[in-house]
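Hi everyone, thanks for coming. I'd like to walk you through one structure today, so please have the viewer open and follow along.

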Amino acid sequence: MSNSELYREALKVMPGGVNSPVRAFKSVGAEPVFSVLAKGSKIWDSDGSEYIDYIGSWGPAILGHTHEDVIAAVIEAATYGLSFGTATENEIRLAEKIMHFFPGIEMLRLVSSGTEATMSALRLARGYTKRDKVIKFAGCYHGHADSFLVAAGSGAMTLGVPNSPGVTEGAAKDTLIAKFNDIGSVEELIANNPDQVAAVIIEPVIGNAGVIPPVDGFLQKLRAVTEANGILLIMDEVMTGFRLAPGGAQELYGVEGDLTTLGKVIGGGMPVGAFGGKREIMEMMAPAGPVYQAGTLSGNPVSVAAGLATLKVIEWDMLKFYNNLERMGAMLEAGVRDILDRKGLSYQYQRVGSMACLYFTDEPVVSYEDAATCDTEKFGEYYRGTLSGGVLMPPSQFEAFFIGDAHSEADIEKTLEVIEGAVV
Ligand code: PLP
């Protein structure tokens, strides 16, 4: 069946025809792709079209798709048991591996998604500090738990739904919104809510309103102001963990959170999330302590095997691995800049290593407010051109695209040819 035929059938059984909003391609005026096969840097869909893929499953596919070591580990784990409902040795091994690269994580808990990780980390922060409020930044997305669906980026921003119906005023009132890269906005909220803020949660590099890096010193100041006020800093590294560096944005920028949330890469394409941090805080979690959190499939053996295998591949020749991601990221950036400059288009290309975003605006994008002024019509036009040329980018102006280890120079050259034809 073709993509279009499947879409019509899907609309009958799933809201909007998809199981996650941005998969609908609505904001770029296209119909959803129904994938059938993914291998290395490529994806094939139901129409039989081949794409060079830059969605990368929204981040997990850092090795490229269906890496043989990961598939072998998944098959082996599955033959031993899909889910035991008891503890397993590999959960310890994955925890150890993560802790090795994130020195700020002294203990962690595995869950099944990034959403679970962030909502659990917030509960823990509230339980630990005995305070209710949380500060988040406009444009940061931390999954779809009620407390975070206020000024969230990503799907909510793409569809123009800044606050979801169904989120009660009660849940939203404890979420305070600061401006990314503006430490004054954080200080003001803290001053207006003395001894009430449990945590500040941040995407250290925003990847859900395009890509917005922190300006020099911003994360350091945030660390200082949270520490001075007894507020926990939650580094949401669901997207950036093991992507920007093995130790994530915290390693890259030299700033350590009290709690860290992870997902995506650490599951190698299978459903996994994790949150962890200082031992004293983590020991508040049940059954060691009173803060409750649980999961039927937490630490699922097949997911853990996929995660472990992925991290082992990254670790094998780590310097080469991250150098290669940077090299490919830089090659694509230089090529796109050359094309757009020649054509005299207004744009901002924002990139940190293997995550990047092309905004159609002539203003620098340092906050959600700046990102929101982009020309989404122009993006849609560009998007449809790249898609029909065989390049699969995330179908939204407000998403990061990802380079994986499987992207080759030939892929980048082909992508640039397609972009050349897609922009006028
Ligand atoms: N936090 C960040 C920074 C994310 O990018 C995402 C998902 O994109 C999440 C949390 C939620 O993760 P999940 O989609 O696995 O629930």
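Before we start, one term: the helices I mention are DSSP runs of H or I with at least four residues, and they are numbered from the N terminus. With that in hand, our opening stop is Thr386, which lies in helix 14, residues 376-388. Is Thr386 buried or exposed? Thr386 has a relative accessible area of 0%, so it is buried. And what does Thr386 touch, once we ignore residues up to four places away in sequence? The list is Val391, Val418, Ile419 and Ala422.

Now, a word on confidence, since this is a predicted model. The mean pLDDT of the protein chain is 95, and 97% of its residues reach 70 or more. There is a stretch to treat with care, though: across residues 157-162 the pLDDT falls below 50. That stretch still has 17 contacts in the model beyond near neighbours in sequence. Where pLDDT is low, please don't read the predicted coordinates in detail.

Let's move on to helix packing, with helix 11, residues 301-316, as our anchor. Helix 2, residues 68-80, has an axis that comes within 8 Å of the axis of helix 11, and the two cross at roughly 150 degrees. How do they run relative to each other? Angles over 145 degrees count as roughly antiparallel, and helix 2 and helix 11 are therefore roughly antiparallel to each other. Their crossing is right-handed. If you want to colour the contact, on the helix 2 side select Asp69, Val70, Ala73, Val74, Ala77 and Ala78. Their partners in helix 11 are Pro301, Val302, Ala305, Ala306, Ala309, Thr310 and Val313. Sorted by class, that contact has 11 nonpolar residues, one polar and one charged.

Helix 11 also meets helix 3, residues 89-101. Here the axes come within 10 Å and cross at roughly 35 degrees, and the crossing is left-handed. Helix 3 contributes Asn90, Glu91, Arg93, Leu94, Lys97, Ile98 and Phe101, while helix 11 contributes Val304, Gly307, Leu308, Leu311, Lys312 and Glu315. Which classes make up this contact? There are six nonpolar, two polar and five charged residues.

Next, please find the loop between strand 8, residues 232-236, and helix 9, residues 248-253. Met239 is found in that loop, and at 8% relative accessibility it counts as buried. Leaving aside neighbours within four places in sequence, Met239 is in contact with Gly207, Asn208, Lys264, Met355, Ala400 and Phe402. Another pair to look at is Met239 and Gly114: they are 125 residues apart along the chain, and their C-alpha atoms are separated by 8.9 Å.

Phe242 sits in the loop between strand 8 and helix 9 too. Phe242 is buried, with a relative accessible area of 1%. Its backbone deserves a look, because phi of Phe242 is near 65 degrees, a positive value in a residue other than glycine.Trp58 also has a positive phi, about 70 degrees, although it is not a glycine. You'll find Trp58 in the loop between strand 3, residues 50-53, and helix 2.

One last backbone detail to check in your viewers: the peptide bond from Ala286 to Pro287 is cis, with omega near 5 degrees. Pro287 is placed in the loop between helix 10, residues 279-282, and helix 11. Thanks, and I'm happy to take questions!

Methods
Residues numbered from 1 in each chain as written. Predicted model: local features only at pLDDT ≥ 70, side-chain atom pairs only at ≥ 80, totals over all residues. Heavy atoms only, no water. Axes fitted to C-alpha atoms, helices over the stretch in contact; angles between N-to-C directions. Parallel < 35°, antiparallel > 145°, perpendicular 65-115°, else oblique. Left-handed = near helix turned anticlockwise from the far one by under 90°. Contact = heavy atoms within 4.5 Å. Nonpolar A, V, L, I, M, F, W, Y, C, P; charged D, E, K, R; others polar. Buried < 20%, exposed > 50% of the residue type's maximum accessible area, 1.4 Å probe, protein only. pLDDT = per-residue confidence, 0-100.
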